[in-house]
Amino acid sequence: MTDSDPHIHVEDKVVEAGGAVRAAFTAVLGVARDAPSVVTTGCGRRVPYAMTSPHPESVTCLPCREHAAREHRRFAEQVEQLSRMPGAIIPRDDAAKAVHRHRDLASRFAR
């Protein structure tokens with residue numbers, strides 16, 4: 001971790017990162033998870049959590065943007081494939097919304 005890195009990064013597990021995931025854990029477990037103080041990023045650096053963002057418009061590290069685009073595309077493909085399987089528990093409309101959201105994020109990170 002260097003203090004001189006001026007870039008905004010994404011967490012390595014970008015699809016699992018952010019407040020929405022922590023809120024889901026809290027709702028399911030009834031216990032709030034603290035945000036970590038230092039995280040591993042998509043480019044492999046360890047940086048303060050405050051120097052990361054899940055928002056494509058805020059991320060300035062190009063390797064992190066490429067990583068996030070790949071991860072969101074991969075996740076969208078997985079959701080799409082799983083939603084087509086017989087007995088899928090995710091309603092098709094919900095799956096389609098998730099696929100659209102993650103493909104949109106992938107596209108915005110790829111710009």
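Is Asp5 buried or exposed? Asp5 is buried, with a relative accessible area of 13%. I'll come back to that residue shortly. One caution before we go on: this is a predicted model.

Let me start with the overall layout. The protein chain has three helices and two strands. Reading from the N terminus, the order is α-β-β-α-α. The chain has 111 residues, and 30% of them count as buried. Its accessible surface is about 7,300 Å². Carbon and sulfur atoms account for 55% of that surface. Now contacts. Take those between residues at least 6 apart in sequence: 65% of them join residues at least 24 apart.

Back to Asp5. Its partner is Arg45, and the two form a salt bridge. The closest N and O atoms are 3.8 Å apart. Asp5 sits in the segment before helix 1, and Arg45 in the loop between strand 1 (38-40) and strand 2 (46-48), so the pair ties together parts that are 40 residues apart in sequence. The two ends differ in cover. Asp5 is buried at 13%, whereas Arg45 is partly exposed at 41%.

There is another link to show from that first segment. Lys13 also belongs to the segment before helix 1. Lys13 and Thr41 are 28 residues apart in sequence, yet their C-alpha atoms are 7.9 Å apart in space. Lys13 itself is exposed, at 54% relative accessibility.

Next, helix 1, residues 19-29. Val28 lies in this helix. Val28 is exposed, with a relative accessible area of 69%. Which residues make up the nonpolar surface patch with Val28? They are Leu29 and Val31. The patch covers about 330 Å².

On to helix 2, residues 62-84. It has 23 residues. From first C-alpha to last it reaches 34 Å, close to the 33 Å expected at 1.5 Å a residue. Several of its residues are buried, among them Cys64, His67, Ala68, Ala69, His72 and Val79. What do the buried residues of helix 2 pack against? They pack against helix 3, residues 92-110.

One C-alpha pair belongs here too. Ala96 lies in helix 3. Ala96 and Glu80 are 16 residues apart along the chain, and their C-alpha atoms are separated by 7.2 Å. Ala96 is partly exposed, at 46% relative accessibility.

Now the charges. The structure holds six salt bridges. Let me take two inside helix 2. Arg74 and Glu71 meet in one, at 2.7 Å from N to O. They are three residues apart in helix 2, so about one helical turn separates them. Arg74 is partly exposed at 36%, while Glu71 is among the buried residues of the helix.

The other is Arg84 with Glu80. Here the closest N and O atoms are 3.4 Å apart. These two are four residues apart in helix 2, again with about one helical turn between them. Arg84 is exposed, at 54%. Glu80 is partly exposed, at 22%.

Why do these spacings work for side chains on a helix? An α-helix has 3.6 residues a turn, so residues three or four places apart point the same way.

There is also a network. Glu57, Asp104 and Arg108 are linked in it by salt bridges.

I'll finish with Arg65, in helix 2. Arg65 is buried yet has no salt bridge. How far away is the nearest side chain of opposite charge? That side chain is Glu57, and it is 6.9 Å away. A salt bridge here needs a nitrogen within 4 Å of a carboxyl oxygen, so that cut-off is the one to keep in mind. What does Arg65 touch, not counting residues up to four places away in sequence? Its contacts are Pro56, Val59, Arg108, Phe109 and Arg111. Two of those names are arginines, Arg108 and Arg111. Arg108 we have just met, in the network with Glu57 and Asp104.

To recap the ends of the story. Asp5 is buried and partnered with Arg45. Arg65 is buried and has no salt bridge.

Terms used. Residues numbered from 1 in each chain as written. Predicted model: local features only at pLDDT ≥ 70, side-chain atom pairs only at ≥ 80, totals over all residues. Heavy atoms only, no water. Patch = residues over 30% accessible without salt bridge, like charges linked within 9 Å, V, L, I, M, F, W, Y side chains within 5 Å. Areas by Shrake-Rupley, 256 points an atom, 1.4 Å probe, with all protein chains shown as cover. Buried < 20%, exposed > 50% of the residue type's maximum accessible area, 1.4 Å probe, protein only. Lys, Arg positive; Asp, Glu negative; His and termini not counted. Contact = heavy atoms within 4.5 Å. Expected span 1.5 Å × (residues − 1).
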